[in-house]
Amino acid sequence: MTPTEFLAALLPARLIPGESGAAYAPANIALAKYWGKRDRALNLPVNGSLSISLGTLGTHTTIRAAANDRITLNGTDAAADSTLHRRTFAYIDLWRRGAAQPLHVETTNTIPTAAGLASSASGFAALARALARYWQLDLPEGDLSALARLGSGSAARSLWHGFVKWERGTRDDGRDSIAAPIASDWQELRIALVEIDSGAKKTASGDGMNHTTATSPLYAAWPATAQADLAAIEAAIHARDFSALGSVAEANALAMHATMLAARPALCYLQAQTLTTLHRLWQARAEGLEIYATIDAGPNVKILCHARDEAAVRALFPQALWVNPFQS
C-alpha cells in the first residue's frame, strides 16, 4: 500500500476547510527505542516503542488558507526550495490528494536550538492535528497517530503528554501501527537534557536504520530484545519502579547503539563528550546517586532522575536543560 492509498482509506473524498486549525505537540524521548522499518513508505517499525514527552518543549502550528503554499517557522518564511518547505508540503499533499487548497502553515518551536533535540516528531504531530482541525475532521486518535507517523515515525508518539506506547502492529496496511498514551502522572520524574552537539547529523536516522538492518550482524537479536525492553518499561511505569524504568531504558539505548557500531562499516553517533558524560553518570551512580541515561540516534545524552535528586544532578551537569515531562 502506498501512503496515498493509506490516506484515501482514512479521509473523506472532499476536504471542507474551516477558518483555521491550531495545535500543540510536545517533543518526545524514546525510552524503549525503535530502530529499523518493516515498511519504509508507511514508516512501519520493526518493533514497538515507548516514549516520554517533554512537556512545554514542542511545536505550535496554525493552518489557514492562503494564495500560495507558505510555511513560516519561528516568524521567518521558509524558501520554497528549502527542505522544510518541500517536506512539509509533500506531507500536506498526501492529505489534499490534488485538491487546490493552498495553505499557510505557521509554526513555532519551543525547543531551544542548543538543546540537541530533533523537532520533526513534534512538528509532524502538531501539523497532523492542526490539519485535521482545519479540515474539520473528527478522526479517531489512533487514525491521527497513523497519519502523523507518515510524516515522521516518532511523530506517532508526539500527540500526547506523558508516557506513550507505539505498537508495532502486524497489518501490512499499517492501520494497527499506532500510538496511545499510558495513564500516569509521575510528577517525581525529571529529565535533564545534556547537549553535546546540536548540529546536523552526518547520517540521517532513516539512513542509519537502513544501513544497520542491512549490515549489522548484531541486528538479528534487536527486535526481540526491544520488545522485551518495552514490556519491562511499561511494567515499571505501572509499578512506579524508577530503578527498573531507568536501568532498562539505559540498557535499551546502549543495545541500539551496539547494533550500529557492529554495522559494516561502523555507524557511530556517539562523540567523545558523550562517553565522558556517560562515565561521569556511571561514577555518580556507583557512589549512590540514582540516575540513568538514554541516547537517541545522535550524541546528546538525556538523564532520568528523581525530582529529589535534581540539585545533585545539576551540580554534576550544570549545562543541562531541565524538563518536568508532566508539565503541560
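A salt bridge here is a side-chain nitrogen of Lys or Arg within 4 Å of a carboxyl oxygen of Asp or Glu. The views below come from a predicted model.

**View 1. A salt bridge joins Glu234 and Lys165.** The side chains of the two residues meet at 3.0 Å, N to O. Glu234 sits in helix 6 (residues 222–239). Lys165 sits in strand 8 (residues 163–166). The partners are 69 residues apart, so the contact links distant parts of the chain. Both Glu234 and Lys165 are buried. A search of the whole structure finds 15 salt bridges.

**View 2. Lys33, Asp296 and Lys302 are linked in a salt-bridge network.** Within this group, the side chains of Asp296 and Lys302 meet at 3.3 Å, N to O. Asp296 has 22% relative accessibility and therefore counts as partly exposed. Lys302 is buried, with a relative accessible area of 4%. The cut-off for buried is under 20%.

**View 3. Arg314 and Glu310 form a salt bridge in helix 9.** Their side chains meet at 2.7 Å, N to O. Both residues belong to helix 9 (residues 310–316). They are four residues apart, about one turn of the helix. Arg314, at 38% relative accessibility, counts as partly exposed. Glu310, at 19%, counts as buried.

**View 4. Helix 3 is largely enclosed by the rest of the structure.** This helix covers residues 120–134. Of its 15 residues, 13 are buried, which is why it counts as largely enclosed. At 1.5 Å a residue, helix 3 should span 21 Å. Its end C-alpha atoms are 20 Å apart, which agrees. Just after the helix, Gln136 takes a positive phi of about 55°.

**View 5. Phe242 and Tyr292 form an edge-to-face aromatic pair.** The count for the structure comes to nine aromatic pairs. In the pair shown, Phe242 and Tyr292 lie 5.6 Å apart, centre to centre. The angle between their planes is 65°. Planes over 60 degrees apart count as edge-to-face. Phe242 is in helix 7 (residues 242–261). Tyr292 is in strand 11 (residues 292–294). With their positions 50 residues apart, the pair links distant parts of the chain. Phe242 is buried, and so is Tyr292.

**View 6. Five aromatic residues are shown as one cluster.** The members are Tyr91, Trp95, Phe124, Tyr134 and Trp135.

Methods:
Residues numbered from 1 in each chain as written. Predicted model: local features only at pLDDT ≥ 70, side-chain atom pairs only at ≥ 80, totals over all residues. Heavy atoms only, no water. Helix = DSSP H or I, 4+ residues; strand = E, 2+ residues; numbered from the N terminus. Expected span 1.5 Å × (residues − 1). Buried < 20%, exposed > 50% of the residue type's maximum accessible area, 1.4 Å probe, protein only. Phe/Tyr/Trp six-rings, centres within 6.5 Å; stacked < 30°, edge-to-face > 60°.
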